[in-house]
Amino acid sequence: MATTFLLSLPLLLVILQCTTVTTTLAQAPAPGPTGPTNITKILEKAGQFTTLIRLMKSTQLSDQINTQLNNSNQGMTVFAPTDNAFASLKPGTLNSLSDQQKVSLLQFHVVPTYLTNSQLQTVSNPLRTQAGDTASDKFPLNVTAAGNQVNVTTGVVDTTVSNSIYTDGTLAVYQVDKVLLPMSLFGTPSPAPAPEPLKKKKSGADDDAPTTDAGSASVDASSAVAFGTHLHGWSIGVVALITMFYL
């Protein structure tokens with residue numbers, strides 16, 4: 001009996017070990033699909049970006065970003081203003097913009113290059129955004145660093161990068177606490193040029209100047225008087241000639 005138990009013990013241990021391994025494998029979750037990059041879902045998960053999400057959807061910019069990220073090797077960096085950032089704008093600011101201007105405003109927050117936090121501290125300015133022209137009166141976006149703090153300026157507002165929301169080697173999303181207002185839409189208009197001073201007349205200019213209307217009228221009047229006097233004298237002569245003929 002003891003011999004039978006000893007022979008069965010190794011077999012029992014093997015059965016128990018197999019059962020444990022099977023149970024462990026069954027409890028391990030299968031890795032889920034990563035899925036395509038979706039800027040809207042990233043912002044929703046981070047919270048406090050309701051206004052930005054709404055604007056991205058209404059202008060279809062979110063679809064453009066997702067398409068570009070999932071169908072090309074080109075990276076992207078997004079500066080995401082919080083709901084508080086939009087709330088701090090002057091009342092009616094967004095409503096005063098046309099649909100195209102809203103698109104330009106959002107594109108101004110998107111850099112068509114993937115930039116890590118360290119790259120933001122050494123990047124060349126001004127940054128080219130999807131809004132286009134980087135001229136000083138258009139869409140200049142300048143990023144500078146002071147220690148570990150990254151500052152962003154547009155010529156209208158200054159703010160800092162307060163948090164890194166998402167990064168995957170292709171897309172980087174950074175939180176900013178002010179809406180990045182571009183010069184093209186919110187800058188102060190250039191003052192109108194001052195009128196040129198009147199030039200002084202040179203000496204002798206009156207002699208060369210064309211005759212004025214008053215001068216022309218004076219000449220015409222003089223000619224009329226002379227012509228009338230001549231006509232009167234001629235009439236007297238004719239009358240006198242006729243008188244002599246009848247006498």
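# Exercises on a predicted model

The residues Val 103, Ser 104, Leu 105, Leu 106 and Gln 107 are the buried residues of helix α6. Here, "buried" means under 20% relative accessible area, "exposed" means over 50%, and "partly exposed" lies in between (1.4 Å probe, protein chains only). Helices (H or I, at least four residues) and strands (E, at least two) are DSSP runs, numbered from the N terminus.

The model is predicted, so that local features need pLDDT of at least 70 and side-chain atom pairs count only at pLDDT 80 or more, while totals for chains, interfaces and linings use all residues. Residues are numbered from 1 along each chain as its sequence is written, and side-chain values use heavy atoms, with hydrogens and water left out.

## Exercise 1: Two helices and their cover

Determine what covers the buried residues of α6, and do likewise for α3.

*Solution.*

Step 1. The cover of the buried residues of α6 includes α3 (50–59), α4 (61–71), β2 and α8 (183–186).

Step 2. In α3, the buried residues are Thr 51, Leu 52, Ile 53, Leu 55, Met 56 and Thr 59.

Step 3. These residues of α3 are covered by elements including α2, α4, β1, α5 and α6. Just after α3, Gln 60 takes a positive phi of about 65°.

Step 4. For the chain of 247 residues, the buried part amounts to 27%. The chain holds 10 helices and 6 strands.

## Exercise 2: The sheet

State the order of the strands in the open sheet, and identify which strands stand at the edges.

*Solution.*

Step 1. The open sheet has 6 strands in the order β2-β1-β6-β5-β4-β3, with mixed pairing. Two strands pair if DSSP finds at least two bridges between them.

Step 2. At the edges stand β2 (110–111) and β3 (142–146); each has a single partner strand, so one side of each is left without a neighbour in the sheet.

Step 3. Strands of a sheet pair through backbone hydrogen bonds, either parallel or antiparallel. β3 and β4 pair in the antiparallel sense over 5 bridges, and Val 143 stands opposite Val 152 in β4.

Step 4. A hairpin is formed by β3 and β4, with 2 residues between them, and Gly 147 in the turn has a positive phi of about 70°.

Step 5. β4 (residues 149–153) also pairs with β5 (residues 158–167), in the antiparallel sense over 3 bridges. Here Asn 151 stands opposite Thr 160 in β5.

Step 6. Helix α2 (residues 39–46) lies across β1 (76–81), β5 and β6 (171–176), and runs at about 40° to β6. Such angles run from 0 to 180 degrees between N-to-C directions, with axes fitted to C-alpha atoms, for helices over the stretch in contact.

## Exercise 3: The largest pocket

Find which elements each supply at least two residues of the lining of the largest pocket, and how its residues divide by class.

*Solution.*

Step 1. On a 1 Å grid over the protein atoms alone, a pocket is an open set of points with protein on both sides within 12 Å along at least five of seven lines, where a 1.4 Å probe fits; lining residues have an atom within 4 Å of a point.

Step 2. The largest pocket holds about 320 Å³ of space. A volume is the space filled by probe spheres set on the points, which are joined across faces, edges and corners.

Step 3. Of the 12 lining residues, Pro 36, Asn 38, Lys 41, Ile 42 and Tyr 166 lie nearest the centre of the pocket.

Step 4. α2 and β5 each supply at least two lining residues, and the largest share, 4 residues, comes from α2.

Step 5. The lining divides into 5 nonpolar, 4 polar and 3 charged residues. Ala, Val, Leu, Ile, Met, Phe, Trp, Tyr, Cys and Pro count as nonpolar, Asp, Glu, Lys and Arg as charged, and the others, Gly among them, as polar.

## Exercise 4: Leu 89

Decide whether Leu 89 counts as buried or exposed, and list which residues Leu 89 touches.

*Solution.*

Step 1. Leu 89 lies in the loop between α5 (83–87) and α6 (99–107).

Step 2. Leu 89 counts as buried because its relative accessibility is 16%.

Step 3. Not counting residues up to four places away in sequence, Leu 89 touches Leu 94, Val 179 and Leu 181; contact means heavy atoms within 4.5 Å.

Step 4. Leu 89 and Lys 178 are 89 residues apart in sequence, and their C-alpha atoms are 8.6 Å apart in space.

Step 5. Leu 89 and Lys 178 are also among the residues that line the second largest pocket, whose volume is about 190 Å³.
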